[in-house]
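Subject: Handover of a structure and notes on its local features

Dear colleague,

Please find below the structure that I am handing over to you. My notes follow directly after it, and I should be grateful if you would read them with the coordinates open.

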Amino acid sequence: MTIQHPGTSTAPVPTQSTYQTRVADYWNAEENPVNLELGKIDDLYHHHYGIGEADWSVLDETDPALRRDRITAELHRLEHAQAELLASHLGPLTSADRVFDAGCGRGGGSVVANLRYGCSADGVTISSKQADFANEQARARGVDGKVRYHHRNMLDTGFSTGGYAASWNNESTMYVELDLLFAEHARLLRRGGRYVVITGCYNDTYGQASREVSLINAHYICDIHPRSAYFRAMAANRLVPVHVEDLTEAALPYWELRKDAEHLVTGIEEPFITAYRNGSFQYLLIVADRV
């Protein structure tokens, strides 16, 4: 495959495994209101969950339409807080730097990084539908000169070696083998570059993956990794953790509020809440430097 400049988007997605094709089909068909309705608020479409204490007064709203709107806005506020937390760990960056968003979804995270630092961003998704949607959003926002989305496999991007100052995965690592993923991040990052991941992982000290984790896997067609696998794969691929933060408690309010959002529930809310509470599942932020 020809190696191209990060700003180009003409390279085809590399050959996909049967599983990767299934994942792509899932996201090409996905029209979940919990992703779309929240993004309509400010045209920042995130494909992840939220952190922070919730404003529980939204549940006391007596007007049904207003209650719906207030809950939607509060959930979006929490997910945007998560995106901002991740972006805050990417720096210091300048407008001359490039960043890489692996598994970018509909593109909100790349825009957040651009707004914060003025940097250029390349997002990659295995879903052609997501890439098209995200590029249209970038055009509408007027940032398409610096924020671009590509229909490619994040394990084999074709982007230039050492071309990025920072890179991240936001709730997308459970779809790939970690050694392959971190090898690609290490290749793309310049020496001293920063990698950040926010992810759900199962707790090794609990034992094997719990029933709730298995339900989450089945729901999203993914394979949640144990916590220890992240650190082993980073060590094997020149990524040295410099900050680790357990966000599990901070993630619970999002899920507790979402389970009461009748217009947004997907049926997976209770497994997340139960797994977080029983200790079998954790929500982690890991920041690493490329050495």
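Arg-98 has a relative accessible area of 15% and is therefore classed as buried, the limit for that class being under 20%. Arg-98 belongs to strand β1, which covers residues 98-102. The side chain of Arg-98 is engaged in a polar contact of 2.9 Å with the side chain of Asp-122. Please bear in mind that this is a predicted model.

The annotated region comes next. An unreviewed UniProt entry carries the annotation "domain: Methyltransferase" for residues 99-193. In the model, the chain over residues 99-193 is 37% helix and 28% strand. The C-alpha atoms at the two ends of residues 99-193 are 10 Å apart.

Two residues of strand β2 deserve a description. Val-124 is located in β2, and its relative accessible area of 1% makes it buried. Beyond the neighbours within four places in sequence, Val-124 touches Phe-100, Asp-101, Ala-102, Gly-103 and Cys-104, and also His-150, Arg-152, Asn-153, Met-154, Thr-157 and Phe-159. Thr-125 is likewise part of β2, a strand that spans residues 120-125. With a relative accessibility of 4%, Thr-125 is buried. When neighbours within four places in sequence are set aside, the contacts of Thr-125 are with Cys-104, Gly-105, Gln-130, Ala-131, His-150, His-151 and Arg-152.

I turn now to the packing of helices. Helix α7 (residues 211-220) packs with helix α10 (residues 269-278) at an angle of about 145°. The axes of α7 and α10 are 9 Å apart, and the crossing of α7 and α10 is left-handed. From α7, the residues Glu-212, Leu-215, Ile-216 and Tyr-220 take part; they meet Pro-271, Phe-272, Thr-274, Ala-275 and Asn-278 of α10. Six of the residues in this contact of α7 with α10 are nonpolar, two are polar and one is charged.

Within α10, the buried residues are Glu-269, Pro-271, Phe-272, Ile-273, Ala-275 and Tyr-276. The partners against which the buried residues of α10 pack are α7, α9 and β7 (281-290). Immediately after α10 comes Gly-279, with a positive phi of about 85°.

How many of the 11 residues of helix α9 are buried? Nine of them are, so α9 (residues 248-258) is largely enclosed by the rest of the structure. The buried residues of α9 are Thr-248, Ala-251, Leu-252, Pro-253, Tyr-254, Trp-255, Glu-256, Leu-257 and Arg-258.

Some points of backbone geometry should also be brought to your attention. Most residues other than glycine have a negative phi, and most peptide bonds are trans. Ile-221 has a positive phi, near 55°, and is not a glycine. Ile-221 is placed in the loop between α7 and α8 (227-236), and its relative accessible area of 15% makes it buried. The C-alpha atoms of Ile-221 and Val-124 are 19 Å apart in space, with the two positions 97 residues apart in sequence. Arg-238, also not a glycine, has a positive phi of about 60°. Arg-238 is situated in the loop between α8 and β6 (239-246). At 43% relative accessibility, Arg-238 is partly exposed. The peptide bond leading from Gly-91 to Pro-92 is cis, and its omega is near 5°. Pro-92 is in the loop between α3 and β1.

A further loop residue concludes these notes. Ser-57 is in the loop between α2 (33-39) and α3 (64-88). A relative accessible area of 31% places Ser-57 in the partly exposed class. The side chain of Ser-57 makes a polar contact of 2.6 Å with the side chain of Asp-55. Another polar contact, of 3.0 Å, links the side chains of Ser-57 and Arg-70. Ser-57 and Arg-67 are 10 residues apart along the chain, and their C-alpha atoms are separated by 9.7 Å.

Yours sincerely

Key
Residues are numbered from 1 along each chain as its sequence is written. This is a predicted model: local features need pLDDT of at least 70, side-chain atom pairs count only at pLDDT 80 or more; totals for chains, interfaces and linings use all residues. Side-chain values use heavy atoms; hydrogens and water are left out. Axes are lines fitted to C-alpha atoms, for helices over the stretch in contact, and angles run from 0 to 180 degrees between N-to-C directions. Helices (H or I, at least four residues) and strands (E, at least two) are DSSP runs, numbered from the N terminus. A crossing is left-handed if the near helix is turned anticlockwise from the far one by less than a right angle, and right-handed if clockwise. Contact means heavy atoms within 4.5 Å. Ala, Val, Leu, Ile, Met, Phe, Trp, Tyr, Cys and Pro count as nonpolar, Asp, Glu, Lys and Arg as charged, and the others, Gly among them, as polar. Buried means under 20% relative accessible area, exposed over 50%, partly exposed in between (1.4 Å probe, protein chains only). A polar contact is a pair of N or O atoms within 3.5 Å; within protein, one must be able to donate a hydrogen and the other to accept it, and residues adjacent in sequence count only if both atoms are side-chain atoms. UniProt positions are given in the numbering used here, feature names are shortened, and annotations may be inferred rather than shown by experiment.
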